[in-house]
Amino acid sequence: MTSSSTPGLARFNILADDEATTALHEVCASAAWGRAILSRRPYPTAEALLSASDVATADLTEDGLTDAMAGHPPIGRPKPGDPTSSREQRGMAGATEELKAEMLELNLAYQERFGHVFLICATGATGEQMRDAVKSRIGNSPEREREIVRTELGKINRIRLTRLVTEGE
């Protein structure tokens, strides 16, 4: 995304607060994150919006991070009728039944260990890459894993915000 303002960004900047809140909730399920983004409007550039997202993601409390993760379905099981999770998890769409079953088992083990869904920026990743990531991360300490989750969430939020302010251009 360029540093200049886009028509999509201009539209976002003038949305009524309730409409902007709804749009932001589609990007990140954390209400605290959404409020932080909303409070800084208008954004002069798309990069300013993305930078605000980075700050808001870094500033999330444990509860805010938990809320954000709750908006993400497990890898390999996108929300029915949700084009965003289906698009982001496209790498699992063509996975073998064996890989899907392994991913389900790994997702459950991860969730049991950490108490939340395995979160990864899945855009562009293959099913095998996602499987390998959960395998490598399941041995992390809870503190290290929270750091990684926050980083992955930041990547996802950037991709979704970019789509929000560039769709239809």
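# Burial, contacts and packing

Colleague: Does valine 117 count as buried or exposed?

Modeller: Valine 117 has a relative accessibility of 9%. Buried means under 20% relative accessible area, exposed over 50%, and partly exposed in between (1.4 Å probe, protein chains only). So valine 117 counts as buried.

Colleague: What pLDDT do local features need here?

Modeller: Residues are numbered from 1 along each chain as its sequence is written, and side-chain values use heavy atoms, with hydrogens and water left out. This is a predicted model: side-chain atom pairs count only at pLDDT 80 or more, totals for chains, interfaces and linings use all residues, and local features need pLDDT of at least 70.

Colleague: Where is valine 117 found, and how far is its C-alpha from that of isoleucine 75?

Modeller: Valine 117 is in the loop between α8 and α9. Helices are DSSP runs (H or I, at least four residues), numbered from the N terminus. In sequence, valine 117 and isoleucine 75 are 42 residues apart. In space, their C-alpha separation is 8.5 Å.

Colleague: Which histidine does valine 117 contact, leaving aside neighbours within four places in sequence?

Modeller: Contact means heavy atoms within 4.5 Å. The partners of valine 117 include Met69, Pro73, Pro74, Tyr110 and Gln111. The histidine in that list is His72.

Colleague: Where is histidine 72, and which arginine does it contact beyond four places in sequence?

Modeller: Histidine 72 lies in the loop between α5 and α6 (83–88). It counts as buried because its relative accessibility is 9%. Beyond four places in sequence, histidine 72 contacts Val117, Leu119, Leu153 and Ile156. The arginine it contacts is Arg160.

Colleague: How many residues does the largest nonpolar core have?

Modeller: A nonpolar core is a set of buried Ala, Val, Leu, Ile, Met, Phe, Trp, Tyr and Cys residues joined through side-chain atoms within 4.5 Å. In soluble globular proteins, nonpolar side chains tend to be buried together. Here, Phe12, Trp33, Ile37, Leu49, Ile75, Phe118 and Met130 have the most contacts inside the largest core. That core has 41 residues.

Colleague: Which tyrosine does leucine 49 contact, neighbours within four places aside?

Modeller: Leucine 49 is among the residues with the most contacts inside the core. Its partners include Leu9, Phe12, Ile37, Leu161 and Val165. The tyrosine is Tyr43.

Colleague: At what angle do the axes of α2 and α10 cross, and how are these helices oriented?

Modeller: Axes are lines fitted to C-alpha atoms, for helices over the stretch in contact, and angles run from 0 to 180 degrees between N-to-C directions. Under 35 degrees counts as roughly parallel, over 145 as roughly antiparallel, 65 to 115 as roughly perpendicular, and the rest as oblique. The axes of α2 and α10 come within 9 Å and cross at roughly 140°. The two helices are therefore oblique.

Colleague: How many charged residues are in the contact of α2 with α10?

Modeller: Ala23, Leu24, Glu26 and Val27 in α2 meet Asn157, Arg160, Leu161 and Leu164 in α10. Five of the contact residues are nonpolar and one is polar, and the charged ones number two.

Colleague: How far apart are the C-alpha atoms of alanine 23 and leucine 161?

Modeller: Alanine 23 sits in helix α2. It is buried, with a relative accessible area of 17%. Alanine 23 and leucine 161 are 138 residues apart in sequence, yet their C-alpha distance is 9.3 Å.

Colleague: In which helix is arginine 137, and is it buried or exposed?

Modeller: Arginine 137 is in helix α9. Beyond four places in sequence, its partners include Tyr110, Phe114, Phe118, Glu145 and Glu152. Its relative accessible area is 7%, so arginine 137 is buried.

Colleague: Why are cysteine 28 and cysteine 121 not bonded, and how many disulfides are there?

Modeller: A disulfide is a pair of cysteine sulfur atoms within 2.5 Å. The sulfur of cysteine 121 is 13 Å from that of cysteine 28, its closest cysteine sulfur, so the gap is too far for a bond. Cysteine 28 is buried at 2% relative accessible area, and cysteine 121 is buried at 15%. The disulfide count is zero.

Colleague: Which residue does a cis peptide bond join to arginine 41?

Modeller: Omega at this bond is about 0°. The partner lies in the loop between α3 and α4. It is proline 42.

Terms used. Ala, Val, Leu, Ile, Met, Phe, Trp, Tyr, Cys and Pro count as nonpolar, Asp, Glu, Lys and Arg as charged, and the others, Gly among them, as polar.
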